[in-house]
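The following note sets out points on the model for a colleague at the bench. It begins with the sheet and then turns to the core, the backbone, the charged pairs and the surface.

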Amino acid sequence: RAIAQHMVLSKRISPHVTSICEVDMTAVVRHREANKRTYTRDGATLTYTPYFVAAVVVGLRAVPEANSRFTDAGIVINKRMHIGIAVAVAHGLLVPVLGDADEKNLQGLARLVNELVERTRSNTLRPDDVQGGTFTLTNHGTGGSLLATPIINQPQTGILGAGAIVKRPVVRSSSPSLLPNADDS
């Protein structure tokens, strides 16, 4: 009930806009396939979530205003990047926070994601684990969903929804024209 009330409040507070982009994940899939055994051996399961968090960090560095909050005094840009990750649990959705995500490499993010997801699902999160997020990632694609309209976790200014990673034929061309071309593949 509290989560639902928070989401309804968010829709009243912030204008929500959904923008949908497709991303070629081939390089990420190849990297994960080449490295997941090593990560597992070193104690961290390598899922796609750490890659998405790393991409969020790159995006927030490029557009710092997306890592901000609105106050009565105006927009305050957060200096740190504390990324919330939505985790489905039996009674709803919880959003533990990866503190200082911008200071971690992929392996550090993988370890922290694993730890927070495990503690979320075992109901052993501490109150500090769900506070202080500056931007949220929800990976609704784990259930097969391609598109969603996630709700911003207040007082944050944004949320990234990652859909399912699927194989899809795409035409590649060195020509900027959308017309068929001899070098299309």
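**Notes on the predicted model**

1. In this predicted model, T136 stands opposite I159 in β8. A second bridge partner in β8 is G161, which is matched with T138. β7 and β8 run parallel and are joined by 3 bridges. Strands of a sheet pair through backbone hydrogen bonds, either parallel or antiparallel.

2. T136 also has a partner in β3, since G84 stands opposite T136 in β7. Strand β3, residues 83-85, runs parallel to β7, and 3 bridges join the two. The open sheet as a whole contains 4 strands in the order β6-β3-β7-β8, with mixed pairing. Which strands stand at the edges? They are β6 (97-98) and β8; each has a single partner strand, so one side of each is left without a neighbour in the sheet.

3. The side chains of β7 deserve attention. F135 and L137 point one way from the strand, whereas T136 and T138 point the other way. Every one of these four residues is buried. In a regular strand the side chains alternate between the two faces of the sheet.

4. The largest nonpolar core has 27 residues. Those with the most contacts inside this core are V53, I83, I85, L98, A101 and L137. At least two residues of the core are supplied by each of α3, β3, β4 (87-89), α4 and β7. Once neighbours within four places in sequence are left aside, I85 is in contact with T49, V53, L94, V95, P96, L98, V113, V117 and L137.

5. Some backbone values should be checked by eye. Most residues other than glycine have a negative phi, and most peptide bonds are trans. D100 has a positive phi, near 50°. This residue belongs to the loop between β6 and α4 (106-121), and D100 counts as partly exposed at 24% relative accessibility. N123 likewise has a positive phi, near 60°; N123 is placed in the loop between α4 and β7 and is exposed, with a relative accessible area of 65%. The peptide bond from Q154 to P155 is cis, with omega near 10°, and P155 lies in the loop between β7 and β8.

6. The count of salt bridges comes to 11. One of them joins R168 and E22, whose closest N and O atoms are 3.0 Å apart. R168 lies in the segment after β8 and E22 in the loop between α1 and α2, so this pair ties together parts that are 146 residues apart in sequence. R168 is partly exposed at 44% relative accessibility, while E22 is exposed, with a relative accessible area of 63%. The C-alpha atoms of E22 and A162 are separated by 9.9 Å, although the two residues are 140 residues apart along the chain.

7. D24 and R172 form a salt bridge with an N to O distance of 2.5 Å. D24 is in the loop between α1 and α2 and R172 in the segment after β8, so the pair ties together parts that are 148 residues apart in sequence. Both partners are partly exposed: D24 has a relative accessible area of 46%, and R172 is at 44% relative accessibility.

8. A salt bridge within a helix is also present: the side chains of K36 and E33 meet at 3.3 Å, N to O. Both residues lie in helix α2, 3 residues apart, which is about one turn of the helix. K36 is partly exposed, with a relative accessible area of 28%, and E33 is partly exposed at 41%. Elsewhere, salt bridges that share partners join R80, D100, D102 and E103 into one network. The D100 of this network is the residue with the positive phi near 50°.

9. On the surface, I20, L146, L147 and V166 make a nonpolar patch of about 390 Å². L146 lies in the loop between β7 (135-138) and β8 (159-161), and at 47% relative accessibility L146 counts as partly exposed.

10. P64 is found in the loop between α3 (49-62) and β1 (68-71) and is partly exposed, with a relative accessible area of 33%. How far apart in space are P64 and K79, C-alpha to C-alpha? The separation is 8.6 Å, for residues 15 apart in sequence.

Note on methods. Residues numbered from 1 in each chain as written. Predicted model: local features only at pLDDT ≥ 70, side-chain atom pairs only at ≥ 80, totals over all residues. Heavy atoms only, no water. Patch = residues over 30% accessible without salt bridge, like charges linked within 9 Å, V, L, I, M, F, W, Y side chains within 5 Å. Areas by Shrake-Rupley, 256 points an atom, 1.4 Å probe, with all protein chains shown as cover. Salt bridge = Lys/Arg side-chain N within 4 Å of Asp/Glu carboxyl O. Buried < 20%, exposed > 50% of the residue type's maximum accessible area, 1.4 Å probe, protein only. Pairing = 2+ DSSP bridges. Core = buried A, V, L, I, M, F, W, Y, C linked by side-chain atoms within 4.5 Å. Contact = heavy atoms within 4.5 Å.
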